[in-house]
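Hello,

Here is the structure I promised to pass on to you. Please have a look at it first, and then read my notes below.

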Amino acid sequence: MSMLDPVTLKQVRSFAAQIRLETLKEVGARGFGHLGGALSIVEALAVLYGGLMRIDPHNPQWPERDKLVMSKGHAGPALYAALALKGYFPLDWLSTLNQPGTRLPSHCDRKLTPGIDMTTGSLGQGVSTAIGLALAQRMDGMSSRTYLITGDGELNEGQTWEGALFAPQHKLTNLTWLVDYNHKQLDGDTEEILDLGDLEAKFRAFGWATAAVNGNEVEAVAQALEAAQRETAKPWCIVLNTVKGAGVPLVADIALNHHIVFEGELRTKAIATMEQAVAALEGAQP
Ligand SMILES: Cc1ncc(C[n+]2csc(CCOP(=O)(O)OP(=O)(O)O)c2C)c(N)n1
């Protein structure tokens with residue numbers, strides 16, 4: 001069933017706002033974290049977990065499920081917020097983020113957190129593991145799919161380009177790669193460090209079916225992901241044009257917002273603004 005009807009889109013927009021709010025509260029409880037790159041992928045997570053992926057939150061190990069590899073593992077907090085809101089684990093786990101003994105570490109760990117399909121954090125490696133999962137799904141005759149999220153700075157890793165060559169050669173139509181093109185990496189702009197240029201054209205040249213969309217707009221993301229599901233010849237790469245810190249101007253306006261201290265007035269104001277946004281969306285008409 002398409003996610004593009006107005007009622008579903010309204011629900012997904014509301015889900016995105018809730019993911020954003022819970023991410024702020026979660027990182028706020030720890031006082032610091034990778035906030036910028038967690039916020040930029042919220043709409044993608046809202047579409048994936050808000051209806052696009054075939055999943056069962058009450059059975060996280062369901063063999064027939066679609067899988068997600070969050071290769072930019074430092075964005076775990078946004079994914080944890082989505083998983084908690086879907087009921088994979090209690091919401092109050094979120095306040096334990098990155099604390100000693102937590103089941104929600106700073107970076108994703110599939111052995112600790114229900115709903116995390118792959119352990120990540122060493123950038124680049126998730127491309128290879130996602131390809132392995134997609135190949136295995138196909139070899140096992142499953143109709144399930146694998147979704148991969150990488151950063152743009154992450155594409156500095158040569159391993160990612162090996163995967164970019166491999167997947168089209170093997171016609172991995174069950175693999176969809178989302179690149180979070182927020183133009184920022186740890187310590188500067190991608191254009192200054194290693195310019196990626198026209199990323200969509202690069203992936204097309206490697207043999208992928210592609211789209212470049214506003215990655216912070218749920219309708220555009222849903223449209224592209226649904227097109228990828230219909231594809232029968234190539235894997236899809238969706239370039240998400242996003243803003244690092246999207247949806248939270250107080251964070252987006254910080255030039256180096258990769259890993260920030262998030263406490264005091266900044267935390268209070270950002271959370272209060274997001275609470276208002278959640279309330280406004282809940283009352284909105286489709
Ligand atoms: C192999 C490896 N090298 C370095 C790091 C440290 N590191 C963590 S995040 C990051 C920047 C990633 O930038 P990008 O992929 O653009 O992420 P985003 O801006 O979307 O958060 C770096 C260098 C790492 N996690 N893994």
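Please keep in mind that this is a predicted model. I will start with one pairing and work outwards from there.

Lys67 has Thr146 of strand E3 as its bridge partner. A further contact of this kind links Met70 to Ile149, again in E3. Behind these pairs stands the pairing of strand E2 (residues 67-70) with E3, which is parallel and runs over four bridges.

E3 also has a neighbour in strand E4 (residues 175-181): six bridges join the two, and they run parallel. One example is Tyr147, whose bridge partner in E4 is Thr176. To get from E3 to E4, the chain passes through helix H6 (residues 158-169), and this β-α-β crossover is right-handed.

Now to the sheet as a whole. It is an open sheet of five strands in the order E2-E3-E4-E6-E5, with parallel pairing. E2 and strand E5 (209-214) are the edge strands, each pairing on one side only. From one strand to the next, the twist averages 20°.

How many of the six residues of strand E3 are buried? Six of the six residues, 146-151, are buried, so E3 is largely enclosed by the rest of the structure. A general point helps when you look at this strand: in a regular strand, side chains alternate between the two faces of the sheet. Both faces of E3 are covered, with Thr146, Leu148 and Thr150 buried on one side. On the other side, Tyr147, Ile149 and Gly151 are buried too. Thr146 and Ile149, which you met above as the partners of Lys67 and Met70, are thus found on opposite sides of E3.

Finally, I looked for enclosed empty space. The count comes to one cavity of 30 Å³ or more, and the largest cavity has a volume of about 60 Å³. Which residues line the largest cavity? They are Tyr49, Met53, Ile55, Asp56, Asn59, Pro60, Arg65, Asp66, Leu83, Tyr88, Gly115 and Asp117. By character, this lining divides into six nonpolar, two polar and four charged residues.

If you open the model yourself, E3 is a good place to begin, with E2 paired to it over four bridges and E4 joined to it by six.

Best wishes

Notes. Residues numbered from 1 in each chain as written. Predicted model: local features only at pLDDT ≥ 70, side-chain atom pairs only at ≥ 80, totals over all residues. Heavy atoms only, no water. Buried < 20%, exposed > 50% of the residue type's maximum accessible area, 1.4 Å probe, protein only. Pairing = 2+ DSSP bridges. Right-handed = clockwise from strand over helix to strand, strands pointing away. 1 Å grid on protein atoms, 1.4 Å probe; cavity = no way out; pocket = protein on both sides within 12 Å on 5 of 7 lines; lining within 4 Å. Points joined across faces, edges and corners; volume = space filled by probe spheres on them. Nonpolar A, V, L, I, M, F, W, Y, C, P; charged D, E, K, R; others polar. Axes fitted to C-alpha atoms, helices over the stretch in contact; angles between N-to-C directions.
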